[in-house]
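I opened a fresh page for this one and sat down with the coordinates. Here is what I looked up, in the order I went.

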Amino acid sequence: MSFLDKDYREIITKAVIGKGKKFTQATHSVSPSHRPTSILGCWVINHLYNAKKKSEDTIEVNGSYDINIWYSYNDNTKTEVVTERVTYCDYIPLGVLDENCINDDYDVICKVLQQPNCLECRIANQGNKVLVDIEREFLVQVVGETKVFVKVSTKGHQSHDDDESWDYAVTEDELGNLNPDFLESSSASRNKD
């Protein structure tokens, strides 16, 4: 019996062998150069991140973003924008993990489900710092090589000739009913409506 006579074949392919998702809320303290009177606006920009496999069931996402706070000071007579660069490290556990991987060579795909976003920006009780609540969410996938078993038909594949499957002859009656000016007649009927 040859290898080709078997009912199943093994196919080696890349597949998603692990998935994980994590939502994070964090509070950052920003120290402006003046004592703030009120907060006029807050936004998060310049988000950068990368992901790598930390352990068998954990992905590490390292990133950074800029927090910009527009505030008033000197009894609401002057304004200023303060910018602070924040770094973070999120550990995302893999909720789904397939142990049937051929080797230890993995690719990690990380997708942002929720970009870092300001939930609340407030002046701290002491009055000289601003507290910013930020949310973010990631989805990670681990791609590795695995085996797939495929059942092979013992009868083999039967091909059909292209001529047989497209054997639709046009009759003289059908050709006589064609309107060669169908574009003009369809636009004229639309203009009437």
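**Surface patch.** I began on the outside of this predicted model. Leu40, Trp43, Ile45, Trp70 and Val81 make up a nonpolar surface patch there, and together they have about 430 Å² of accessible area. I then asked which strand gives the most to the nonpolar patch. It is strand S2, residues 36-55, with three residues.

**Ile45.** I picked one patch member to check, and Ile45 sits in strand S2. Its relative accessibility is 36%, so I noted Ile45 as partly exposed.

**Overall layout.** Next I stepped back to the fold. I found seven strands and three helices, and from the N terminus the order reads β-β-β-β-β-β-β-α-α-α. Of the 193 residues, 28% count as buried. The protein exposes about 13,700 Å², with carbon and sulfur atoms supplying 48% of that. Among contacts with a separation of 6 or more, 75% join residues 24 or more positions apart.

**Lys22.** For a close look at one such region of the chain, I went to Lys22, in strand S1 (residues 8-30). Is Lys22 buried or partly exposed? Lys22 comes out at 29% relative accessibility, so it counts as partly exposed. Leaving aside residues up to four places away in sequence, Lys22 touches Tyr91, Ile92, Arg136, Glu137 and Phe138. With Tyr91 I could note the atoms too: the Lys22 side chain reaches the backbone oxygen of Tyr91 at 3.1 Å. I also took the C-alpha distance from Lys22 to Leu94, which is 9.6 Å for two residues 72 apart along the chain.

How values were computed: Residues are numbered from 1 along each chain as its sequence is written. This is a predicted model: local features need pLDDT of at least 70, side-chain atom pairs count only at pLDDT 80 or more; totals for chains, interfaces and linings use all residues. Side-chain values use heavy atoms; hydrogens and water are left out. Helices (H or I, at least four residues) and strands (E, at least two) are DSSP runs, numbered from the N terminus. Buried means under 20% relative accessible area, exposed over 50%, partly exposed in between (1.4 Å probe, protein chains only). Contact means heavy atoms within 4.5 Å. Accessible areas come from the Shrake-Rupley method with a 1.4 Å probe; for residues, only the protein chains shown count as cover. Patches are made of residues with over 30% relative accessible area and no salt bridge: like charges are joined within 9 Å, nonpolar side chains (Val, Leu, Ile, Met, Phe, Trp, Tyr) within 5 Å. A salt bridge is a side-chain nitrogen of Lys or Arg within 4 Å of a carboxyl oxygen of Asp or Glu. A polar contact is a pair of N or O atoms within 3.5 Å; within protein, one must be able to donate a hydrogen and the other to accept it, and residues adjacent in sequence count only if both atoms are side-chain atoms.
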